[in-house]
Amino acid sequence: MSDDIRAIGVLTGGGDAPGLNAVIRAVVRTAIGHYKWEVVGFRDGFEGLVEKHSVNLEMDDVSGLLTRGGTILGTSNKANPFAWHMGEGENHQLVDRSGEAVDYIKSLGLDALAVIGGDGTLSIADGLREKGTKVVGIPKTIDNDLYETDQTFGFDTAISIATEALDRIHTTAESHHRVMVVEVMGRNAGWLALHSGIAGGGDIILLPEIPYDIDKICEKILWRNRSGRRFSMVVVAEGAKPLGGEAVVARVVADSPDPIRLGGIGNVVANQIEERLNIETRVTVLGHLVRGGTPTAFDRVLASRLGSEAVHLLARGESGRMVRLSGSEISSVEISKIANKQRLVPADHSLLRLGRETGICFGD
Ligand code: F6P
């Protein structure tokens with residue numbers, strides 16, 4: 001066991017995901033309860049680290065957190081200590097404030113930092129590691145697109161919420177003999193659309209990884225109508241794009257490290273279907289609905305295992321690593337291996353094969 005850890009910091013960065021609070025709870029319980037360390041939480045991700053907003057966390061602070069969505073620490077998907085936005089208009093510049101962040105960690109007497117986040121957040125954590133801070137990463141995202149882990153926490157909850165929504169939309173689709181298009185999150189990776197689409201009986205599933213041909217989609221709907229199924233369910237990931245075309249951009253968040261926000265593809269696809277087939281079509285955008293609220297039992301368990309193991313890693317003197325799910329076991333990998341990478345749905349994935357074998361159209 002490493003003797004040099006007495007106190008650690010914890011922060012949550014990037015978009016929120018169900019299970020963040022369960023991780024914070026496991027980190028605090030293991031660090032304080034098991035190792036008798038102190039724990040400090042940083043407010044709003046890396047913003048708190050740079051702007052010096054922190055809070056001491058005690059056992060009582062994490063009571064009742066297993067079921068609670070969001071993050072009690074707050075989060076930010078804009079704050080990057082290595083590229084901090086300063087000034088406005090012509091005076092705008094990106095400033096490296098990572099030195100201040102490292103100094104703040106030291107001034108609080110912290111020996112290490114547990115960072116809960118996705119690829120962007122963990123890439124920043126890796127930068128802090130390069131500056132000499134002991135860090136451990138805990139993988140989070142409803143997109144499930146992180147490298148080197150079989151699953152991120154938050155994904156299971158997102159699938160179940162999207163699936164429940166699809167089940168409900170299914171019955172109204174059937175009653176009105178309509179095409180129902182359901183848009184779910186997933187910028188570059190279509191894991192959420194793929195899993196919820198299969199679980200929720202999607203007839204057509206459109207992923208960012210497979211450019212779609214609108215004619216193939218219409219053929220599938222007509223085929224269903226001819227065989228007596230006068231409704232169809234289309235599940236579309238926000239990053240889906242037509243053959244030779246681009247994803248639909250909803251807005252550009254200029255001061256974000258990842259400025260493009262997608263959204264609107266559901267309407268584009270629905271309009272094309274209605275125009276071509278003259279079948280009534282409706283759109284539902286699930287958006288942030290799948291990111292909020294109570295995590296599933298699976299995500300609570302996974303979040304607890306990852307949070308606890310992150311603390312054990314630091315105790316064993318193993319920093320610079322990200323905890324992960326490998327099969328059914330928790331292990332770890334160097335954070336540098338996952339930085340700035342995205343795990344997409346591979347063309348030969350077994351769920352795509354299953355989908356095709358069971359009659360799902362992927363738009364190709
Ligand atoms: O990374 C998760 C994610 O939910 C993406 O699928 C989505 O594009 C993005 O976050 C939206 O984030 P926000 O609206 O919080 O900026």
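A salt bridge is a side-chain nitrogen of Lys or Arg within 4 Å of a carboxyl oxygen of Asp or Glu. The legends below describe close-up views of a predicted model.

**Figure 1. The salt bridge between Glu148 and Arg324.** The side chains of Glu148 and Arg324 approach each other to 2.9 Å, counted from N to O, and so satisfy the 4 Å limit for a salt bridge. Glu148 is placed in the loop between β7 (135-139) and α5 (155-176), while Arg324 belongs to strand β14 (residues 321-326), so this pair ties together parts that are 176 residues apart in sequence. Glu148 is partly exposed, with a relative accessible area of 30%. Arg324, in contrast, has a relative accessible area of 18%; the limit for a buried residue is under 20%, and Arg324 is therefore classed as buried.

**Figure 2. The salt bridge between Arg291 and Asp16.** In this pair the closest N and O atoms are 3.0 Å apart. Arg291 lies in the loop between β13 (281-285) and α9 (297-315), and Asp16 lies in the loop between β1 (7-12) and α1 (20-34); the pair therefore ties together parts that are 275 residues apart in sequence. Arg291 counts as buried at 18% relative accessibility. Asp16 is partly exposed, its relative accessible area being 22%. The side chains of Arg291 and Asp16 are also joined by a polar contact of 3.0 Å.

**Figure 3. The salt bridge between Glu130 and Arg129.** Here the closest N and O atoms are 3.8 Å apart. Is Glu130 buried or exposed? Glu130 has a relative accessible area of 61%; the limit for an exposed residue is over 50%, and Glu130 is therefore exposed. Arg129 counts as partly exposed, at 30% relative accessibility.

**Figure 4. A network of salt bridges.** Glu51, Arg97 and Glu100 are joined into one network by salt bridges that share partners. In total, the structure holds 15 salt bridges. As a general principle, side chains of opposite charge can pair when their charged atoms come close.

**Figure 5. The largest pocket and its lining.** The largest pocket holds about 1,200 Å³ of space. Its lining consists of 48 residues, of which Gly15, Asn77, Arg187, Asp258 and Arg261 are the closest to the centre of the pocket. Where does the largest pocket lie with respect to domain 1 and domain 2? Domain 1 (7-153 + 295-337) and domain 2 (159-291) both give residues to the lining, so the largest pocket lies between them.

**Figure 6. The elements and residue classes that line the largest pocket.** At least two residues of the lining come from each of α4 (119-130), β8 (179-184), β11 (249-252) and β12 (260-262). Helix α4 gives the largest share, five residues. Sorted by class, the lining has 14 nonpolar, 20 polar and 14 charged residues.

**Figure 7. The contact between Thr71 and Thr12.** Thr71 is situated in the loop between β3 (54-57) and β4 (84-86). With a relative accessibility of 17%, Thr71 counts as buried. The side chain of Thr71 is joined to that of Thr12 by a polar contact of 3.0 Å.

**Figure 8. Lys52 and His177, two residues with a positive phi.** Lys52 is not a glycine, yet has a positive phi of about 60°. Lys52 is found in the loop between α2 (46-51) and β3, and at 45% relative accessibility Lys52 counts as partly exposed. His177 is likewise not a glycine and has a positive phi of about 55°. The place of His177 is the loop between α5 and β8. His177 counts as partly exposed, at 34% relative accessibility.

**Figure 9. The surroundings of His349.** His349 occupies a place in the loop between β15 (329-334) and α10 (350-357). Is His349 buried or exposed? At 19% relative accessibility, His349 counts as buried, because the limit for that class is under 20%. The C-alpha atoms of His349 and Ala26 are separated by 33 Å, and these two residues are 323 residues apart along the chain.

Methods
Residues numbered from 1 in each chain as written. Predicted model: local features only at pLDDT ≥ 70, side-chain atom pairs only at ≥ 80, totals over all residues. Heavy atoms only, no water. 1 Å grid on protein atoms, 1.4 Å probe; cavity = no way out; pocket = protein on both sides within 12 Å on 5 of 7 lines; lining within 4 Å. Points joined across faces, edges and corners; volume = space filled by probe spheres on them. Helix = DSSP H or I, 4+ residues; strand = E, 2+ residues; numbered from the N terminus. Nonpolar A, V, L, I, M, F, W, Y, C, P; charged D, E, K, R; others polar. Domains from an automatic or database assignment. Buried < 20%, exposed > 50% of the residue type's maximum accessible area, 1.4 Å probe, protein only. Polar contact = N/O pair within 3.5 Å; in protein donor to acceptor, adjacent residues only side chain to side chain.
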